[in-house]
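Reader: I'd love a close look at one thing in this protein: the pairs that its charged side chains make. Please walk me through them slowly, and tell me what surrounds them.

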Amino acid sequence: MEKIKQWKNFEFKNNPFEDKNIEQIKNKLKCLDNIVKIEEIIQLKQLLSSECLVLQMGECAETFNFSDYKYIKNKYEFLIQCGLIIQNKIINENKVMNIIKIGRIAGQFAKPRSDEKEIVDNKEILTYKGDIINHININKRKYNPYNMIKAYNIGKKIYKYLQNIKNNITFDNKFLQTINKSKNNSFKKKFFQIDINKIDKNKLLNFYTSKESLLLDFEESLTRHINGLYYNVSTHLLWLGNKNCFIGSSQIEYLKNVENPIGIKISETKKIEDIIVIIKTINPNNEKGKILLIIRINNENINQYLKELILAIQKHNINVIFSVDPMHGNTEKIANIKTRKVEKIEENILKFMEILNKYNIISKGIHLETSSSFVSECIYDEILDKKKFLQKRYITYCDPRLSPDMTIDIINKYL
Ligand code: PEP
Ligand code: CO
């Protein structure tokens, strides 16, 4: 059996598509064009092997409905503006570093869920697993493998929009002014002082795409074999979700065969020796720029775990970039609404940065769930009527996202 199909012999928790039509759909996907270019995948890996800061952000779950040109333009501009904040700081500090911007975009359609079913209006139904698998509407939760074709078409459309926006953007002071969204006035002032002539426009506008590697029927179908190497051409970077980060998982078996850079989500429940095995499995040649370790550990455990992990990585001489996802370890419910407190997110990042500084680790990353519109899904602890705030614009299909002002404040403070 071809290497890229061998994931089927490994453990895949809750594979939704055991459908008889699956092979026919996969054959169709296998004949379609690449979504991203192979040169860009290689370029991203090269950039990740340099001294860099990685900003990875976007929605928990992208949806087919929110994929029109205007929506994608907002997302792109927001990503670039966040990159600009970092780039400006780097210039002011006279540092030379690559700022790498990676969106959770153009394919982030599959969601791992803790529960297969949920109770809604006294009825037990399947949980929502992302638009590539089923539908948010409670009457349309049946898994549908034909959604994979839609996901391909919409992913490709979004990617094309992104390229088009990038090539046609007018990079002037007006572009900077959208940043006006921040609540933080002293920061806003600082932002308007940015001398855009000092910024390398090409570098600033550059971006990459990413998504969780979950639905392997789809990933396998979008894998191309070129000069003896496999590339997943549906995205630039794929990450291994926390739920599938265990020795023997199908996702690891798939990911170890592709050339794309790979993120690995890590929670404190994983044994450090297992993480070492997983990294060595996915990156047997210890290639630089290949592995992005995304630490998503709550504030109580991050210090201890991260220190031990860094020591183990150093002992084994393993090349990785450490990134922090301060959100997935810090999710809570307030008035029965899933949310995240900004203060806790900040504390998590601060702890992460302190530890990395202590060990003189220069390249680093931050991974955030964000929205480019003013949602009220995450919350400041100082807000008194939290329930009222959360009910104002809570529209996510999955996890709560930071609003633009929250995101900008966080990036400005910590990167
Ligand atoms: C996510 O990134 O949306 C996610 C599900 O994260 P994790 O795998 O870290 O729980
Ligand atoms: Co999420």
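**Charged pairs, one by one**

Author: Let's start with D381 and K341, which form a salt bridge whose closest N and O atoms are 3.6 Å apart (a Lys or Arg side-chain nitrogen within 4 Å of an Asp or Glu carboxyl oxygen). This is a predicted model, in which local features need pLDDT of at least 70 and side-chain atom pairs pLDDT 80 or more, while totals for chains, interfaces and linings use all residues. Residues are numbered from 1 along each chain as written, chains are lettered from A and ligands numbered from 1 in written order, and side-chain values use heavy atoms, without hydrogens or water.

Back to our pair, which links distant parts of the chain, 40 residues apart. D381 sits in the loop between strand 14 (364-369) and helix 13, and K341 in the loop between strand 13 and helix 12 (342-358). Helices (H or I, at least four residues) and strands (E, at least two) are DSSP runs numbered from the N terminus. With 37% relative accessibility, D381 is partly exposed, whereas K341 is buried at 16%. Buried means under 20% relative accessible area, exposed over 50% and partly exposed in between, with a 1.4 Å probe and protein chains only.

Now find K338, whose partner in a salt bridge is D399, with 2.8 Å between the closest N and O atoms. K338 belongs to strand 13 (residues 337-339), and D399 to the loop between helix 13 (386-392) and helix 14 (404-414), so again distant parts of the chain are linked, this time 61 residues apart. K338 is partly exposed at 29% relative accessibility, while D399 is buried at 8%.

A third salt bridge joins the side chains of E62 and K75, at 3.8 Å from N to O. Why does this pair tie parts of the fold together? E62 lies in the loop between strand 1 (52-58) and helix 3 (69-92), and K75 in helix 3, so the pair connects parts that are 13 residues apart in sequence. Here E62 is buried, at 1% relative accessibility, and K75 is buried too, at 11%.

How many salt bridges does this rule give? The count comes to 30. Side chains of opposite charge can pair when their charged atoms come close. Some join up further: K8, K26, K30, D217 and E220 are linked in a network of salt bridges.

Next, look at the surroundings of one buried lysine. K129 lies in the loop between strand 4 (123-126) and helix 4 (147-168), and its relative accessibility of 4% makes it buried. Leaving out residues up to four places away in sequence, K129 touches N14, F109, A110, K111, R113, E116, N134 and Y143 (contact means heavy atoms within 4.5 Å).

Finally, charged residues also appear on both sides of helix 2. In this helix (residues 38-48), the buried residues are I38, E40, I41, L44, K45 and L48. Looking down the axis, you find these buried residues within an arc of 165 degrees, so they line one face of helix 2; the arc uses directions from the helix axis to the C-beta atoms. The face turned away from that buried side carries E39 and Q46, which are exposed. An α-helix has 3.6 residues a turn, so residues three or four places apart point the same way.
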